[in-house]
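Biologist: Got a minute to walk me through this one? I'd like the overall picture, then the odd spots.

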Amino acid sequence: MKRDLILEIGVEELPSAYMTRALADLQTLAEKKLTEARLGYDRLQILGTPRRLTIIAEGMTEMQGDANIENRGPKKTSAFDVDGKPSKAGLGFARGQGLEFDQLEIREQGGIEYLFAVKREAGRPAAEVLPEVLPDIINSLVFPKSMRWGAYTTRFARPIRWLLALFGQDIVRFAIENIESSNLTYGHRFLSSGSLEVGGLAEYKQKLRDNFVILDQEERQAMVWQQVQDVAARAGGHAMQNEDLLEEVTYLVEYPTAFFGSFSSSYLEVPPEVLTTSMIEHQRYFPVYSDSGDLLPGFIGVKNGRDYSMDLVIAGNERVIKARLEDALFFWREDGKKTLESMVPGFENVMFHERLGTLMDKVNRLGQISVNLGTVTGLSSSDKLQRAALLAKADLLSAMVYEFPELQGIMGRYYALQSGEDTEVAQAILEHYLPRFAGDSLPASAAGIVLCLSEKLHNLVGCFAIGIKPTGSQDPYALRRQALGLVNIILENKLHIDLRKILLETYACFSGVKLKFDADTTASELMEFILQRMRGILQERGISYDVIDAVFAVPSSDLTEVADRITCVDEFKNAAYRDDFMVVYNRANNLSRKWENDEVDQSVLVDESEKNLYATMHHLAPRVRDMIARRDYEGALRALAGLRSSVDDFFEAVMIMVDDERLKASRLGLLKSIANYCQLVADFSKLVI
Amino acid sequence: MLTFQEMILRLHDFWGRQGCIIQQPYDMEKGAGTMNPATFLRCLGPEPWNVAYIEPSRRPTDGRYGENPNRLQHYYQYQVILKPSPDNVIDLYLNSLRELGIEADKHDIRLVEDNWESPTLGAWGLGWEIWLDGMEITQFTYFQQCGGIDCFPVSAEITYGIERIAMYIQNKESVFDIQWVDGITYGDVHHQSEVDYSHYNFELADVASLTTMFNLCEKEAQRVAAAHLPQPAYDYVLKCSHLFNLLDARGAISVTERTGYIGRVRNLARLVAGEYLQQRKNMGYPLIKDEKLREQILSAEEVG
């Protein structure tokens, strides 16, 4: 017989931001702990609302599985005395295991023989085991931040208020602090009163539904989104698709009811990004757009409850958004009275980082870095870059960005345009923060690309130079994201820049700042850090690790060049000329690997085959060099693959390791030079073919 | 229609019935009800404590010359401390809203994650903003640390934004239109002082004098704490905190200095918190009425 297990942890409202992770962790924990306890089941389901985390294991076996318990004892050598009889140690081990000595087994482990006690433990009834397993699962769940409550020492994300634990119809009895497990659950906080008695899985789900709790997060999320879309359609528009918002709302309600509220169209004077940010960040509303994509003067809220006295709820929400938008309109108008440039002097009073100086210091450095990078890449012009760098951070001092920090850059662009700045400059201010998250767009304008790279170079070099580096999950300055952005922008735009040189030049812009590490150390560590990010990007693009290893083994600080070689070697792996090339490379490399010198004394060569190989290579070398210089890596590899027959003839005709040292040196030198040319593109010995 | 005054009286009545002592505001400037020693000090240590009071609170930077309908540099917080936090604390809170005529099932009431932290008090806790139809009306916090010291047992702090609730109940667009009692508005009581304080805080406050006063108060707090008089010492911590807020509103504190000032106030708060705990212990935790428990805690602390 099988029974269903239900564990419901009843809590005060959990932070919505914790929920996805908590449910996933609970899944892993439940699987692990139930398996460890040898409890089988048909199907595991983890469900959650703001007020409950529920584990359902359907079809759990009545009995725990049997276990083979193997305990290792002393080494065989010390388990017997000189006469081959059990030693004291051997007998002691048997006694300790509750076995006779001759019931023990001898097994080998790591080349050594040991005594082993092998016992079979019969499974206990699941009902006996669960009271130990369930509290263990609860106590093992960790949250980003946890707390204590009352006079108890247990920690959880929010206080635990009830525990429903049922195995079939029976209560699994245990307690956490003062909370004893029971067969009772609770419905919606406001739409249900008192406890609900539950006798099994079907009843549990039904009673919750009857009491305004949609337990299954996926069902709830689908309900929210369907309602939001319906409400939007009735209002003559469509709702913003925003996965994060949808998820947050799903975990803020147990029973969703979406509603439409409106605000005065006079607030549409404010840029739409401001209005939507206020709606989403402050109120968790879905913005609504017309079919032509314009923001409508309204919002969709999702109430936690049914559609009772909605007028009151809508009126209340409309009052709140009105006050919010009134503030936004005020900030927009106040900021608009000033030019963006007039905010710059305020930089003196804003700290960028206590060791790297004020925002003014940063902006000055940003100007230098941008102008240098602009010259190197030939993108944009010095005066535009200088201007964009100066104004890039000015919106941080606007009232609007003070209130809505996530609008940095966006407001900068609006205010720059209002202040009559060049459109490229305005666009660069917006773009220099990109990408803000994984999958976000990259800067597209010339000045935007340069300013954006400069921003990242500045922050990476500054932080690494004073010893701030990401460790483990700690990366408070988002340096990983910035390095990723840097690589993506360089590759996307196929920029050929000597990154190491740029890092050193960026470092030089920090003159006057007391730094912890010198320029060389900083540049080297950063190159490694950046290449590590590039490795990740390449892997995500499906490039196999051996291709990456092979190409990275031939270092370059021109990332685009590295990426081109990656493409070439990746295609090479399946190309028809691959085998010829690998024969040339392997034959040349195997013998000459430990030979340093690639010089050949032509006068000592005797055999036709070696004279021929030398002449062919002599003729080929400048062509290969030229193709490498033109980044025609495939051409270079094909040309080298063409040496196949000459190389084969050579190996057939002559012995390399002859007694004549001069002849041997020349033959090895010839092979070395071929291997060296092959390795201009990648270290092909690392390739897995 | 419920007046502002009736709201306060109803809350007093409600929380009084729950066993809270109804204390009065503390007679010094402070940024929030949390800074009243009835919260900051009483949350420390093992003694139970249930209190409710209204607290005039000052946030000089929030002044708007009486021109913004939602922002004030002086406002009220209705503060409740329940220590240890009872299991039904949220139900109690919801019942208190009912006393104000707010029926939970007719509205949309949400508990939205909010982690509270006061760097100047070395205090933090976890809890929620409580939303009524989208409007934050209450801050609910389970105190985890105060003055850098772990809180045990844990207090629940309920802080009602009493003006906001009044605006909602009375359906007013401006805080100044709230009916305090029939015929007298919040504006009649506070508008002119809002204007005056905004002028003072932003324009007239003398930076040099305030800086000197801050330094003097810091010294006095340290001196009095060293003499093991926690509450008189705490008065000077409050003064430092308010002087810092004034200097901040005056734009006299740069970002670098800011961290330094906050750290100085926090150090004072820690000092006083330690002194207060020691004093309560010396007194044998008189508020623990259960003799056995009292002995148990005291002897456990001896060992620890």
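Modeller: Sure. One term up front: helices and strands here are DSSP runs, numbered from the N terminus. Also keep in mind that this is a predicted model.

Biologist: Fine. Which elements of chain A each supply at least two residues to the lining of the second largest pocket?

Modeller: Those are β17 (351–353), α10 (359–377), α15 (446–465) and α16 (479–492) of chain A.

Biologist: And which one gives the most?

Modeller: That's α15(A), with four residues in the lining.

Biologist: What volume does the second largest pocket have?

Modeller: About 640 Å³. The lining comes to 24 residues, and the closest to the pocket centre are Lys393(A), Gln408(A), Tyr433(A), Glu455(A) and Asn459(A).

Biologist: How does the lining split by class?

Modeller: Twelve of the lining residues are nonpolar, five are polar and seven are charged.

Biologist: OK, zooming out. How many helices and strands are in chain A?

Modeller: Chain A has 25 helices and 18 strands.

Biologist: What's its radius of gyration, next to a compact globule of 689 residues?

Modeller: Chain A comes out at 35 Å, whereas a compact globule of that length would sit near 26 Å. Its C-alpha trace spans about 105 × 100 × 50 Å along the principal axes.

Biologist: What share of chain A is buried?

Modeller: Buried residues are 53% of the 689. As for the surface, chain A exposes about 30,800 Å², with carbon and sulfur atoms supplying 48% of that.

Biologist: And the contacts, how far apart in sequence do they reach?

Modeller: Take the contacts in chain A between residues at least 6 apart: 68% of them join residues at least 24 apart.

Biologist: Let's do a helix. Is α23 of chain A mostly covered or mostly uncovered?

Modeller: Mostly covered. It runs over residues 633–641, and seven of its nine residues are buried. Among the buried ones are Tyr633(A), Leu637(A) and Leu640(A).

Biologist: What covers them?

Modeller: The cover includes α20 (559–572), α21 (578–592), α22 (608–629), α24 (644–653) and α25 (661–678) of chain A.

Biologist: Now the odd spots. What's the backbone doing at Arg631(A)?

Modeller: Arg631(A) has a positive phi of about 60°, even though it is not a glycine. You'll find it in the loop between α22 and α23 of chain A.

Biologist: Why does Arg631(A) count as partly exposed?

Modeller: Because its relative accessibility is 37%, and partly exposed means between 20% and 50%.

Biologist: What about Ala478(A)?

Modeller: Ala478(A) also isn't a glycine, and its phi is positive at about 50°. It lies in the loop between α15 and α16 of chain A. Ala478(A) counts as buried because its relative accessible area is 18%, and the cut-off for buried is under 20%.

Biologist: Why flag those at all?

Modeller: Because most residues other than glycine have a negative phi, and most peptide bonds are trans.

Biologist: So where is the cis bond before Pro435(A)?

Modeller: It runs from Leu434(A) to Pro435(A), with omega near -15°. Pro435(A) is in the loop between α14 (423–431) and α15 of chain A.

Biologist: And which bond is cis in chain B, at Pro84(B)?

Modeller: The one from Lys83(B) to Pro84(B), with omega near -5°. Pro84(B) lies in the loop between β3 (74–83) and α3 (89–99) of chain B.

Biologist: Great, thanks.

How values were computed
Residues numbered from 1 in each chain as written. Chains lettered and ligands numbered in written order. Predicted model: local features only at pLDDT ≥ 70, side-chain atom pairs only at ≥ 80, totals over all residues. Heavy atoms only, no water. 1 Å grid on protein atoms, 1.4 Å probe; cavity = no way out; pocket = protein on both sides within 12 Å on 5 of 7 lines; lining within 4 Å. Points joined across faces, edges and corners; volume = space filled by probe spheres on them. Nonpolar A, V, L, I, M, F, W, Y, C, P; charged D, E, K, R; others polar. Rg over C-alpha atoms; globule rule 2.2 N^0.38 Å. Buried < 20%, exposed > 50% of the residue type's maximum accessible area, 1.4 Å probe, protein only. Contact = heavy atoms within 4.5 Å. Areas by Shrake-Rupley, 256 points an atom, 1.4 Å probe, with all protein chains shown as cover.
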